[in-house]
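Visitor: Could you take me through the places where the ligands sit, one after the other? I'd like the contacts and the cut-offs behind them.

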Amino acid sequence: KRLILIGPPGSGKGTQSPIIKDEFCLCHLATGDMLRAAVAAKTPLGIKAKETMDRGELVSDDLVVGVIDEAMKKPSCQKGFILDGFPRTVVQAQKLDEMLSKQGTKIDKVLNFAIDDVILEERITGRWIHAASGRSYHNKFNPPKVLGIDDVTGEPLMQRKDDTAEVLKSRLEAFHRQTEPVIEYYSKKGLVANLHAEKPPKEVTAEVQKTLS
Ligand code: ADP
Ligand code: ADP
Ligand code: ADP
């Protein structure tokens with residue numbers, strides 16, 4: 001399957017991704033995780049993206065399209081993939097369609113993590129991540145077994161620099177202005193499944209499984 005996860009920051013895309021990935025043996029491509037790794041490694045790409053990400057704005061379409069184009073060539077992504085955080089603009093969606101049609105493939109489903117903005121601040125400000133894997137926890141809704149430590153690797157957790165109430169405002173503005181039109185773009189193609197992303201994680205998982213079965 002070739003899937004897109006779309007939803008505002010904190011809607012639960014990263015939390016559901018590993019479950020979908022394991023169940024359907026797909027590769028998980030999260031542009032936010034890739035960009036953060038580039039920032040941490042201070043690659044030319046990371047240096048270009050850092051300030052924009054810190055402000056909570058979207059990096060340029062050419063930059064992320066390049067990142068995705070490269071990542072989708074991996075052998076593990078040939079049978080299917082989950083795109084998490086991409087496409088976020090209509091231009092990115094059009095570029096993606098072009099890339100896929102060249103390979104004679106297309107998107108099967110777009111999972112829309114629908115949720116009210118007011119729920120997101122508490123989710124975002126309580127989020128802790130394992131940087132290397134992108135795994136996320138929440139101090140209240142999904143705490144790790146040991147506070148500040150990743151369950152799987154035992155490595156320390158960190159908070160993202162852009163996970164503040166203030167930067168969230170810009171990220172939500174970018175979502176409504178630039179990413180909501182992408183949902184419309186795929187709705188017209190009849191590909192969108194709406195999820196109740198405000199529900200507890202297990203209930204969202206059940207909805208995802210029902211949609212994909
Ligand atoms: P979240 O999961 O909280 O929605 P991400 O980790 O996906 O956030 O993205 C973090 C930041 O990385 C974004 O605010 C943006 O600056 C940048 N980014 C990630 N994906 C894209 C994309 N497809 N287009 C433009 N910018 C992106
Ligand atoms: P996204 O990738 O869409 O930005 P995450 O999956 O990282 O969002 O989730 C944001 C925060 O909310 C994390 O701290 C996560 O543990 C928590 N979370 C995820 N899904 C739920 C849910 N259904 N109910 C409550 N908290 C959740
Ligand atoms: P600063 O130097 O401004 O404090 P960093 O360069 O340490 O910021 O980090 C920039 C961004 O990358 C932050 O959002 C941080 O959460 C994230 N980050 C830092 N290290 C990693 C890593 N190893 N993997 C993924 N993201 C990381």
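Guide: Here is a walk through the two ligand sites, with a short look at some strands at the end.

This is a predicted model, where local features need pLDDT of at least 70, side-chain atom pairs count only at pLDDT 80 or more, and totals for chains, interfaces and linings use all residues. Residues are numbered from 1 along each chain as its sequence is written, chains are lettered from A and ligands numbered from 1 in the order in which they are written, and side-chain values use heavy atoms, with hydrogens and water left out.

Let's start with ligand 1. Its shell holds 18 residues, and the closest are Thr31, Arg36, Glu57, Gly85 and Arg171; a residue is in the shell if one of its heavy atoms lies within 4 Å of the ligand. Sorted by class, that shell has 7 nonpolar, 4 polar and 7 charged residues (Ala, Val, Leu, Ile, Met, Phe, Trp, Tyr, Cys and Pro are nonpolar, Asp, Glu, Lys and Arg charged, and the others, Gly among them, polar). Helix H2, residues 31-40, gives the most to it, with 4 residues; helices (H or I, at least four residues) and strands (E, at least two) are DSSP runs numbered from the N terminus.

Now the polar contacts, meaning pairs of N or O atoms within 3.5 Å. A polar side-chain atom of Thr31 is 2.8 Å from a nitrogen atom of ligand 1, while oxygen atoms of ligand 1 have Arg127 at 3.0 Å and Lys13 at 3.4 Å, again through polar side-chain atoms. On its own ligand 1 exposes 560 Å², and the protein buries 95% of that (Shrake-Rupley, 1.4 Å probe).

On to ligand 2, also with 18 residues around it, the closest being Lys13, Thr15, Arg127, Tyr137 and Lys199. Here the class split is 6 nonpolar, 8 polar and 4 charged. Helix H1 (13-24) and strand S6 (135-138) each supply at least two shell residues. The side chain of Arg127 puts an N or O atom 2.7 Å from an oxygen atom of ligand 2, and Gly14 has a backbone N or O atom 2.8 Å from a ligand oxygen. A nitrogen atom of ligand 2 is 3.3 Å from a side-chain N or O atom of Arg123. The protein covers 94% of the 560 Å² that ligand 2 has alone.

Last, the strands, which pair if DSSP finds at least two bridges between them. S4 (109-114) runs parallel to S1 (2-6), with 4 bridges, and Leu5 is partnered with Leu111. S4 also runs parallel to S7 (192-196), with 5 bridges, and there Ala114 stands opposite His196.

Conventions
A polar contact is a pair of N or O atoms within 3.5 Å; within protein, one must be able to donate a hydrogen and the other to accept it, and residues adjacent in sequence count only if both atoms are side-chain atoms.
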